[in-house]
Amino acid sequence: MALAEDKVREALKEVIDPELYVNIVDLGLVYVVAVGEEKEDGRHDVNVEMTLTSPMCPAGPQLVAGTKAAAESLAEVDVCEVKVVMEPAWSPECMTEEARDHLGIF
């Protein structure tokens, strides 16, 4: 059965920004989740494009490693490649309403 993008995004919600205490999906850091074709063993490769709240984010390496680990924790995922992009630039408007409420941004 094909792996759905939504399932990967749910797994990525386990990755919490250590400075803001909000998951990377609700922060709006995950731009693209591309699920590859199903392989003979039923698994898929996944490509994630994500950004950081700033180019010099000290938690960047931790967030990238966490993203890869969270996606690869799914039984249906073989390999996850994570690409950090800075365009379009992240802004608070990328966050879900729940994340903005949590951080007190109205």
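**Exercise 1.** Which residues does Leu-63 touch, not counting residues up to four places away in sequence?

*Solution.* The model is a predicted one.
Step 1. Set aside the residues up to four places from Leu-63 in sequence.
Step 2. List what remains: Leu-63 touches Val-15, Ile-16, Asp-17, Pro-18, Ile-24, Leu-29, Met-50 and Leu-52.

**Exercise 2.** Of the 28 residues in the largest nonpolar core, which touch the most other members? Name the helices and strands that each supply at least two residues of this core.

*Solution.* Step 1. Val-8, Leu-12, Ile-24, Val-46, Val-48 and Leu-63 touch the most other members of the core.
Step 2. At least two core residues come from each of helix H1 (5-12), strand E1 (30-35), strand E2 (44-50), helix H2 (60-72) and strand E3 (77-84).
Step 3. As background, nonpolar side chains in soluble globular proteins tend to be buried together.

**Exercise 3.** Describe how H1 and H2 are arranged, and state which residues make the contact.

*Solution.* Step 1. Two packed helices are described by the angle between their axes and the distance between the axes.
Step 2. The axes of H1 and H2 come within 8 Å and cross at roughly 130°.
Step 3. That angle makes H1 oblique to H2.
Step 4. The crossing of H1 and H2 is right-handed.
Step 5. H1 contributes Val-8, Ala-11 and Leu-12 to the contact, and H2 contributes Thr-67, Ala-70 and Ala-71.
Step 6. Sorted by type, the residues of this contact are five nonpolar, one polar and no charged.

**Exercise 4.** Asp-6, Glu-14 and Tyr-21: place each in the chain and decide whether it is buried or exposed.

*Solution.* Step 1. A residue counts as exposed over 50% relative accessible area.
Step 2. Asp-6 is in helix H1. Its relative accessible area is 57%, so Asp-6 is exposed.
Step 3. Glu-14 is in the loop between H1 and E1. With 64% relative accessibility, Glu-14 is therefore exposed.
Step 4. Tyr-21 is also placed in the loop between H1 and E1. Tyr-21 has a relative accessible area of 60% and so is exposed.
Step 5. Tyr-21 has a positive phi of about 60°, although it is not a glycine.

**Exercise 5.** What separates the C-alpha atoms of Asp-6 and Val-33, and those of Glu-14 and Lys-68?

*Solution.* Step 1. Asp-6 and Val-33 are 27 residues apart along the chain, and their C-alpha atoms are separated by 8.7 Å.
Step 2. Glu-14 and Lys-68 are 54 residues apart in sequence and 11 Å apart in space, C-alpha to C-alpha.

**Exercise 6.** Which residues does a cis peptide bond join, with omega about -5°?

*Solution.* Step 1. The bond joins Glu-87 and Pro-88.
Step 2. Pro-88 lies in the loop between E3 and helix H3 (97-103).

Key: Residues numbered from 1 in each chain as written. Predicted model: local features only at pLDDT ≥ 70, side-chain atom pairs only at ≥ 80, totals over all residues. Heavy atoms only, no water. Core = buried A, V, L, I, M, F, W, Y, C linked by side-chain atoms within 4.5 Å. Buried < 20%, exposed > 50% of the residue type's maximum accessible area, 1.4 Å probe, protein only. Helix = DSSP H or I, 4+ residues; strand = E, 2+ residues; numbered from the N terminus. Contact = heavy atoms within 4.5 Å. Axes fitted to C-alpha atoms, helices over the stretch in contact; angles between N-to-C directions. Parallel < 35°, antiparallel > 145°, perpendicular 65-115°, else oblique. Left-handed = near helix turned anticlockwise from the far one by under 90°. Nonpolar A, V, L, I, M, F, W, Y, C, P; charged D, E, K, R; others polar.
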